[in-house]
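Let's take a friendly tour of a protein and the ligand it holds. Have a look at the structure below before reading on.

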Amino acid sequence: MVLSMKRPLVNLHVQLPKPVEIPQYIPTPLILLPTQEVQHVSDLEKLQVLGSGNGGTVYRVCHKKSSKVYALKVIRGGATEQVRQEIEILRCCTDSPNIVQCHGVFEESFGDISILMEYMEAGSLDVLAKTTLGSFSETIIANIAYQSLTGLDYLHSKKIVHRDIKPSNLLVTREMQVKIADFGVSKIITSSENACNGSVGTCAYMSPEKFDSDGKDYNVFSGDVWSLGLTLMELYIGHYPYMQPGKEAEKTSVIWEICFEEPPCMPKDASEHFKDFIQCCLQKDWTKRWTARQLLSHPFIISTRQNVGLGSIKLGTKRENSVQSIGEIGEVVAVRKKTRV
Ligand SMILES: Nc1ncnc2c1ncn2[C@@H]1O[C@H](COP(=O)(O)OP(=O)(O)OP(=O)(O)O)[C@@H](O)[C@H]1O
């Protein structure tokens, strides 16, 4: 017997959700800037590795024909949005004496991006601090502060936030010219975006509001000022300010200290102007923190400029093991070169 049971008619029509519109990824064209002198990466000879960071490896290179020395940053993995941003920033910062100058950008057939930069002979301030086995005098710090603030003010006036100011990203020429480098996490702030949501950079130098903003908006540019204040203090006292000398900075305890403790105190022997200057940078409340432009008029900077002229520094407050003059910086450069060869 065949049982014929009519199955009840079920409405099998399923309402499909509307397709979600996935924004199409349209890469912005990579801006390539071959210099007059260097037309291709093969025109350069690699001499040594200067260092490598999250962004790539930096080499000291020599232009084969002219023998001119440059620094070449090679970024593996192609032109991500962040790499494009880094290139764009370098491309529009060509008229500041306190920003490392870019001489060209090359894309190689297998996707690597090479950024050709001016070579900063004395290297970074963190290496200089380590090779001098100590700290810098107040006069030298005021000089470094003045040049770094000039660079920062220039960037901020162009709506560029660096987001990773620290000793290893401030590079120095043989003549003690200080320049801001490494725009690997930097950003050009457009009016339409919320720039506060990107807590990028190096934890140890990040301002408190980056960890704990209570969902409120804050001024991203003031984060660079906090990082510079901490950097200058470190160069003066000879170690990372939130840690005792010789101790390794542990990430969670550093974040705790930055957010919940008072900012680090300057040593008693520092001048009142210097202590006040650092206090203006290390205001936990970002609304009370001075801007780069305001700090350029701080008595610590002004008085040093009036006393010695920042271009021709001779002697600062004498401190043991500290770098006192440009001449000494020259010697340090020589020592550094020796250790690298
Ligand atoms: N123009 C330059 N001239 C001389 N040395 C340079 C130059 N640019 C970078 N360097 C050296 O290369 C090192 C690596 O630089 P890079 O910007 O790639 O990374 P970083 O700052 O060390 O690390 P991270 O990317 O993790 O912050 C620097 O610390 C510096 O010593």
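The report below looks at the place where the ligand sits.

## About the model

This is a predicted model, in which local features need pLDDT of at least 70, side-chain atom pairs count only at pLDDT 80 or more, and totals for chains, interfaces and linings use all residues. Residues are numbered from 1 along each chain as its sequence is written, and side-chain values use heavy atoms, leaving out hydrogens and water.

## Who surrounds the ligand

The ligand has 22 residues around it, counting those with a heavy atom within 4 Å. Glu 118, Met 120, Lys 166, Asn 169 and Asp 182 are the closest. Sorted by class, this shell holds eight nonpolar, nine polar (Gly is counted here) and five charged residues.

Three strands, β1 (44-52), β3 (69-75) and β5 (113-118), each give at least two residues to the shell; strands here are DSSP runs of E, at least two residues long. The largest share, three residues, comes from β1. Domain 1 (41-118) and domain 2 (123-338) both contribute to the shell, so the ligand lies between them.

## Polar partners

Now for some N and O atom pairs, which count as polar contacts within 3.5 Å. A backbone N or O atom of Glu 118 is 2.9 Å from a ligand nitrogen, and a polar backbone atom of Met 120 lies 3.0 Å from a nitrogen of the ligand. Asp 182 uses a polar side-chain atom, 3.0 Å from a ligand oxygen.

Taken alone, the ligand exposes 600 Å², and the protein buries 89% of that (Shrake-Rupley method, 1.4 Å probe).

Conventions. Polar contact = N/O pair within 3.5 Å; in protein donor to acceptor, adjacent residues only side chain to side chain. Helix = DSSP H or I, 4+ residues; strand = E, 2+ residues; numbered from the N terminus. Domains from an automatic or database assignment.
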